[in-house]
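Q: Got a minute to walk me through this fold? I've got the model open and would like to talk about how it's put together.

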Amino acid sequence: MTPEAFSGEVAITGGGVTLQGNLVIPPHATGIVAFAHGSGSSRFSPRNRFVSEILHSAGVGTLLFDLLSESEAENRDLVFDIDLLSERLLQATDWLADEHLTRHLPIGYFGASTGAAAALVAAAARPEQVRAVVSRGGRPDLAGPCLGQVRAPTLLIVGERDDVVLGLNRRAYRELKTEKELVVVPDATHLFEEPGTLEEAARQAAHWFKSHLGV
């Protein structure tokens with residue numbers, strides 16, 4: 001736990017690329033969550049920024065960062081390169097572990113769309129370091145065989161009316177061998193644009209992280 005508070009832009013350098021991010025640490029934070037954005041999204045995603053604000057209110061810090069550089073983001077193939085995205089998430093994890101403001105905070109991942117698959121692959125690679133994972137409208141199925149290797153408690157949040165993705169999440173849920181939960185948000189579609197649905201997803205995420213990142 002750290003009594004410090006911080007809010008500002010950061011640069012995460014490694015592997016020959018510098019990734020831009022926004023780090024927010026509320027006073028007396030009990031954990032830090034790295035966001036893995038979905039296909040074609042960025043750290044400016046209004047939905048993920050909304051979720052991050054809910055986490056701040058719950059005493060959880062957040063790192064919203066771009067998994068791809070500006071030039072890389074123009075290549076649609078890279079947006080679906082789960083191995084590359086997970087490597088970038090691990091790069092951010094190493095940065096959090098070294099940064100003096102965050103090195104003592106338990107780490108969690110929040111992933112959306114393809115970012116959820118990257119979060120699960122990265123979590124499987126760091127079982128001792130990653131303490132919790134939340135997927136919102138994600139594609140955990142794209143994590144492939146890594147699903148069965150995830151040890152971090154995992155929450156899958158899916159919209160009731162997101163039929164195809166809901167089916168994929170139910171299948172992935174069966175493959176997870178760790179503590180897990182599948183929450184279906186009533187009346188929500190893929191982007192959780194319906195009144196109150198994103199708030200419910202954020203509330204569920206905050207509860208999960210508070211339960212598993214609290215020290």
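Q: Let's start with R136. Which residue in β7 does it stand opposite?
A: That's I157 in β7. Keep in mind that this is a predicted model.

Q: OK, and how many bridges join β6 to β7, and which way do they run?
A: There are 4 bridges between β6 and β7 (residues 154-159), and the two strands run parallel.

Q: What about β5 and β6, how many bridges there?
A: 6 bridges join β5 (residues 107-112) to β6, again with the strands running parallel. To get from β5 to β6, the chain goes through helix α5 (residues 114-125), and that β-α-β crossover is right-handed.

Q: Can you give me some residue pairs I can click on? Say, what's the bridge partner of G111 in β6?
A: G111 has S135 as its bridge partner in β6. Another pair to click is Y109, whose partner in β6 is V133.

Q: Is β6 mostly covered or mostly open?
A: Mostly covered: β6 spans residues 130-136, and 6 of its 7 residues are buried.

Q: Zooming out, what's the strand order in the sheet?
A: It's an open sheet of 8 strands, and the order goes β1-β2-β4-β3-β5-β6-β7-β8, with mixed pairing. The edge strands are β1 (6-14) and β8 (180-185), each pairing on one side only. From one strand to the next, the twist averages 20 degrees.

Q: And which strands does α5 touch?
A: α5 packs on the sheet and touches β3 (32-36), β5, β6 and β7. The direction of α5 makes about 150 degrees with that of β5. Helix α7 (residues 197-213) also packs on the sheet, where α7 touches β3, β5, β6, β7 and β8. For α7, the angle to the direction of β6 is about 170 degrees.

Q: Switching topic: α4. How many of its residues are buried?
A: 12 of the 17 residues in α4 are buried, so mostly covered is a fair label, with buried meaning under 20% relative accessible area.

Q: Which ones?
A: The buried residues of α4 include I82, L84, L85, R88, Q91 and W95.

Q: What span should α4 have, and what does the model give?
A: α4 covers residues 82-98, so at 1.5 Å a residue its 17 residues should span 24 Å. Its end C-alpha atoms are 24 Å apart, which agrees.

Key: Residues are numbered from 1 along each chain as its sequence is written. This is a predicted model: local features need pLDDT of at least 70, side-chain atom pairs count only at pLDDT 80 or more; totals for chains, interfaces and linings use all residues. Side-chain values use heavy atoms; hydrogens and water are left out. The expected span of a helix is 1.5 Å times one less than its number of residues. Buried means under 20% relative accessible area, exposed over 50%, partly exposed in between (1.4 Å probe, protein chains only). Two strands pair if DSSP finds at least two bridges between them. A crossover is right-handed if, with the strands pointing away from the viewer, the path from the first strand over the helix to the second runs clockwise. Axes are lines fitted to C-alpha atoms, for helices over the stretch in contact, and angles run from 0 to 180 degrees between N-to-C directions. Contact means heavy atoms within 4.5 Å.
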